[in-house]
Amino acid sequence: MAQILIFLGPPGAGKGTQARVVARELGIPHISTGDILRAAASKKTSLGLAAKAKMDKGQLVPDDLMCPIVEDRLCQPDCKEGAILDGFPRTLAQAECLTAMLSRVGLDEPLVLNIHVEPESVIKRLTGRRTCQTCGEIYNVYLNPPLRDGICDQDGGQLVQRADDNEEAIRIRLQAYDHDTLPLIDYYQSKGHLRQVDGNEEPEAITAKLLSFVKTHDYL
Ligand code: ADP
């Protein structure tokens, strides 16, 4: 049965870190809209350049650009058994368009996993975040440093800081989260699709909790 999982939570909740592990465990693709936009930006496509202007300031990319990107990706054959959506939907309009596209593509309603963390703790997580340029592994210089400064433990790739992980962009991203994304919690709660996970626990405990929700979910 195809499982579409949505990882919800504020910037810095650990969605990307957890999505990578859970996707590997379940053998389904991890679709990060942030990663798709950053890849487009580095290739300097017209979408990428438009997105970069918004992203670097911490603002959301318009819904009419985002929805077709996700629909195209969900139509790929590797999504037949399901997928993890990380960073989408981020607005109520995106959630509505996801519901419509899932029924068009013939996939079930999603299971939504909300990773809850206090806003105060995300600043340190985001300002300390470094990502491997080659394999995408995520570190934190305060909380989960690599063995060697600036170098990925997995493949020796260079660790870089995202352009939007500075205090001003983080402040705007958190505002966008409160204003645009928080309403999705009630939206999915009222459909009975929401599960809550405490994002302050150890990463392994969070992974175990997420997997237990997925494995006990009743797809009717
Ligand atoms: P984070 O969750 O840490 O803020 P992401 O990597 O998910 O980071 O997203 C980075 C940026 O990409 C966002 O701040 C936004 O500009 C853009 N973005 C990603 N997904 C979406 C989306 N679904 N709708 C609008 N903008 C998006």
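This section looks at the ligand site first and then at the cysteines.

The model is a predicted one, and the ligand makes a good place to start. The shell around the ligand counts 19 residues, and those that come nearest are Thr 33, Gln 59, Gly 87, Gln 94 and Arg 173. Sorted by class, the shell turns out to be a mix: seven residues are nonpolar, seven are charged and five are polar. As for secondary structure, the top contributor is helix α2, spanning residues 33–42, which supplies four residues to the shell.

Several side chains reach the ligand through polar atoms. Thr 33 puts a side-chain N or O atom 2.8 Å from a nitrogen atom of the ligand. Arg 90 does much the same job on paper, with an N or O atom of its side chain 3.1 Å from a ligand nitrogen atom. With Arg 162, the partner on the ligand is an oxygen atom, which sits 2.9 Å from a polar atom of the side chain. On its own the ligand would expose 550 Å², yet the protein buries 97% of that area.

Now for the cysteines. There is one disulfide in the structure, and it runs between Cys 67 and Cys 97, with the two sulfurs 2.3 Å apart. The angle about the S-S bond is -110°, so to speak a left-handed link between Cys 67 and Cys 97. This pair ties together distant parts of the chain: Cys 67 belongs to helix α4 (residues 63–74) and Cys 97 to helix α5 (residues 92–105), with the two positions 30 residues apart. Both ends are tucked away from the surface, since Cys 67 counts as buried at 14% relative accessibility and Cys 97 counts as buried at 18%.

What about Cys 132 and Cys 152: why is neither bonded to its closest cysteine? For Cys 132, the closest cysteine sulfur is that of Cys 135, and at 3.8 Å it is too far for a bond. The cut-off used here for a disulfide is 2.5 Å between sulfur atoms. Cys 152 tells a similar story: its closest cysteine sulfur belongs to Cys 132, again 3.8 Å away and too far for a bond. Burial does not set these cysteines apart as exposed, either: Cys 132 counts as buried at 4% relative accessibility, and Cys 152 counts as buried at 3%.

Key: Residues are numbered from 1 along each chain as its sequence is written. This is a predicted model: local features need pLDDT of at least 70, side-chain atom pairs count only at pLDDT 80 or more; totals for chains, interfaces and linings use all residues. Side-chain values use heavy atoms; hydrogens and water are left out. A residue is near a molecule or strand if one of its heavy atoms lies within 4 Å of it. A polar contact is a pair of N or O atoms within 3.5 Å; within protein, one must be able to donate a hydrogen and the other to accept it, and residues adjacent in sequence count only if both atoms are side-chain atoms. Accessible areas come from the Shrake-Rupley method with a 1.4 Å probe; for residues, only the protein chains shown count as cover. Ala, Val, Leu, Ile, Met, Phe, Trp, Tyr, Cys and Pro count as nonpolar, Asp, Glu, Lys and Arg as charged, and the others, Gly among them, as polar. Buried means under 20% relative accessible area, exposed over 50%, partly exposed in between (1.4 Å probe, protein chains only).
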